Amino acid sequence: MLLDRLFWTDEFSNFIGTKFNTMKRFGLEGCESFIAGMKSSMDSIVTTGAKKAVIGMPHRGRLNILANVVRKPMEQLFAEFIGTVPIEDKDANWQSHTGDAKYHLGTNYTRTYPDGKQLTVEVLANPSHLECINPVVMGRCRAENHSRNVRSDTKDRDVIVPFLIHGDAAFAGQGVVYESMQMQDLKNYSVGGTIHVIVNNQIGFTTVPSKGRSGMYSSDLAKSINAPIFHVNADSAEDVNYVFRIAAEYRQKYNHDVVIDLIGYRKFGHNELDQPSFTQPMMYKRIAEMTPVARIYEQELLDNGTVDHATIERMKKRIVASLEEAYVKSKTHKFKAEDWITDQWEAIQGNNVETAIKTGMEINALKDVGNKITILPEDKTFHRLIRKIFEQRTASIQTGKGIDWGTAEALAFATLV
């Protein structure tokens, strides 16, 4: 299974690199074992009660995650590369897209395991800004837990599991990372632990680690919340598989953040159209000599007799044939609006606004509530500016003019009560 997962990751990267060699891909080359690791984590959390994994991540490796972890249809991904996206619904209020939108898009997929258990894996859509998706993922998980009637600060947070994927330079340098992590045990904000994966290619855009941070490791920030940190060599496939599984088990057992520092390299530049040897010639001379992890693990299994050459060739041919079939389909693939809409949104959009229950309040009753929340008791002493604010609010409610946002919000809560 591990070899098959590595082959899918490797062949997918090679395929889009061949078919779309003039386009940015933000590939995983140098850290391909990340995909197999993520799938190992998914296998682990589903055995401990997880129903959903929510992933937030930057550009790098996103296409591979979408294709090989979330299982977004490959023909859809290839159609986005081609850029000629016919719209099936002519009246739909959206248009086809080109450019780098494919690196921003998210999707979700529900997988059924052999034992009947199901796990929905969702990648949230996000813009380019590094790490800004972190609090969105955590908020999403917190909200979904709430909607499932999970009481705050209990151990019942195993159902929704957040995964945050980081670059090494971004994890060490982006303030939103710590702003999110420090909420780990914060009452009313905890999500029961987040699994952090640093896809560490040892370079930030063009900057080597010694020029990009003060700490020894990019993961040092996690020490501030006592999160366990696993450093693992991305070229050691079985170690990566093991670490991702253990990290997932730790999160589920202790509801605590955990960090995986996946140390590899970046084969190409920031994107495949850059020339990295301009800025890091010595590093990229060494990288050019590296063997992809799929080839390393393949040779390990050949040497110990686990597989033979015929089996490997059959595996590769099956994967390439599947990719070629998806590529052919992509040329006539038609997008539907629901490709971007989850079931929850579909249900909401199905409601007829015109038949919604009226929630307004009769004007005299509204004024009566307004008086109760804005007229201060005369037997108490208040700061003169506080008294002035409340007098202005009373006047605005009685006249219906100049109602500010603070007053409107107070009225809204008061009428609900």
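**Chatting through the fold**

Q: Where does Gly61 sit?
A: Gly61 is in the loop between strand 1 and helix 3 (62-68). Keep in mind that this is a predicted model.

Q: Okay, and is Gly61 buried or exposed?
A: Gly61 is buried, because its relative accessible area is 3% and buried means under 20%.

Q: What does Gly61 touch, leaving aside neighbours within four places in sequence?
A: That would be Phe26 and Leu28.

Q: How far is Gly61 from Ile165 in space?
A: Their C-alpha atoms are 9.7 Å apart, although 104 residues separate Gly61 and Ile165 in sequence.

Q: Let's zoom out. How many helices and strands are in the chain?
A: The chain has 15 helices and 7 strands. It runs to 417 residues, and 45% of them count as buried.

Q: And what share of the contacts comes from residues 24 or more positions apart?
A: If you take contacts with a separation of 6 or more, 76% of them are between residues at least that far apart, 24 or more positions.

Q: Tell me about the sheet. What's the strand order?
A: The order is 2-3-1-4-5-7-6, in an open sheet of 7 strands with mixed pairing. Strand 2 (107-112) and strand 6 (229-233) are the edge strands, each pairing on one side only. From one strand to the next, the twist averages 20°.

Q: In which sense do strand 1 and strand 4 pair?
A: Parallel: strand 1 (residues 52-56) and strand 4 (residues 160-167) are paired over 5 bridges. One bridge to look up on screen is Ala53, whose partner in strand 4 is Val161.

Q: Which helices pack on the sheet?
A: Helix 2 is one of them, and it touches strand 1, strand 2, strand 3 (118-123), strand 4, strand 5 (195-200) and strand 7 (258-263). The direction of helix 2 makes about 165° with that of strand 4. Helix 5 (residues 134-147) packs there too, touching strand 1, strand 3 and strand 4. For helix 5, the angle to the direction of strand 4 is about 175°.

Q: Back to strand 2 for a sec. How do strand 2 and strand 3 run?
A: They run antiparallel, joined by 6 bridges. Tyr109 stands opposite Val121 in strand 3. The two strands form a hairpin with 5 residues between them, and Gly116 in the turn has a positive phi of about 95°.

Q: New topic: helix 2 and helix 8. At what angle do their axes cross?
A: Roughly 35°, with the axes of helix 2 and helix 8 (residues 237-254) coming within 8 Å. The crossing is right-handed.

Q: Which residues make that contact?
A: From helix 2 they include Ser33, Phe34, Ala36, Gly37 and Met38. On the helix 8 side, you'll find Val240, Asn241, Phe244 and Arg245 among them.

Q: What about charges? How many salt bridges does the structure hold?
A: There are 18 salt bridges. One of them pairs the side chains of Arg5 and Asp43, at 2.8 Å from N to O. That pair links distant parts of the chain, with Arg5 in helix 1 and Asp43 in helix 2, 38 residues apart.

Q: Why does Arg5 count as buried?
A: Because its relative accessibility is 9%, and buried means under 20%.

Q: What does Lys372 pair with?
A: Lys372 forms a salt bridge with Asp368, and the closest N and O atoms are 2.9 Å apart. The two are 4 residues apart in helix 13 (residues 363-374), so about one helical turn separates them. Lys372 is exposed at 61% relative accessible area, while Asp368 is partly exposed at 39%.

Q: Which residues are joined into one network by salt bridges that share partners?
A: Asp10, Arg295, Glu298 and Lys316.

Q: Last one: where is Glu29, and how far away is the nearest side chain of opposite charge?
A: Glu29 is in the loop between helix 1 (2-19) and helix 2 (33-46). The nearest side chain of opposite charge is Arg25, 5.4 Å away, and Glu29 is buried yet has no salt bridge. A salt bridge needs the nitrogen within 4 Å of the carboxyl oxygen, so Arg25 at 5.4 Å doesn't make one with Glu29. Not counting residues up to four places away in sequence, Glu29 touches Ser13, Tyr265, Arg266, Lys267, Phe268 and Glu272.

Notes: Residues numbered from 1 in each chain as written. Predicted model: local features only at pLDDT ≥ 70, side-chain atom pairs only at ≥ 80, totals over all residues. Heavy atoms only, no water. Buried < 20%, exposed > 50% of the residue type's maximum accessible area, 1.4 Å probe, protein only. Lys, Arg positive; Asp, Glu negative; His and termini not counted. Contact = heavy atoms within 4.5 Å. Pairing = 2+ DSSP bridges. Axes fitted to C-alpha atoms, helices over the stretch in contact; angles between N-to-C directions. Left-handed = near helix turned anticlockwise from the far one by under 90°.
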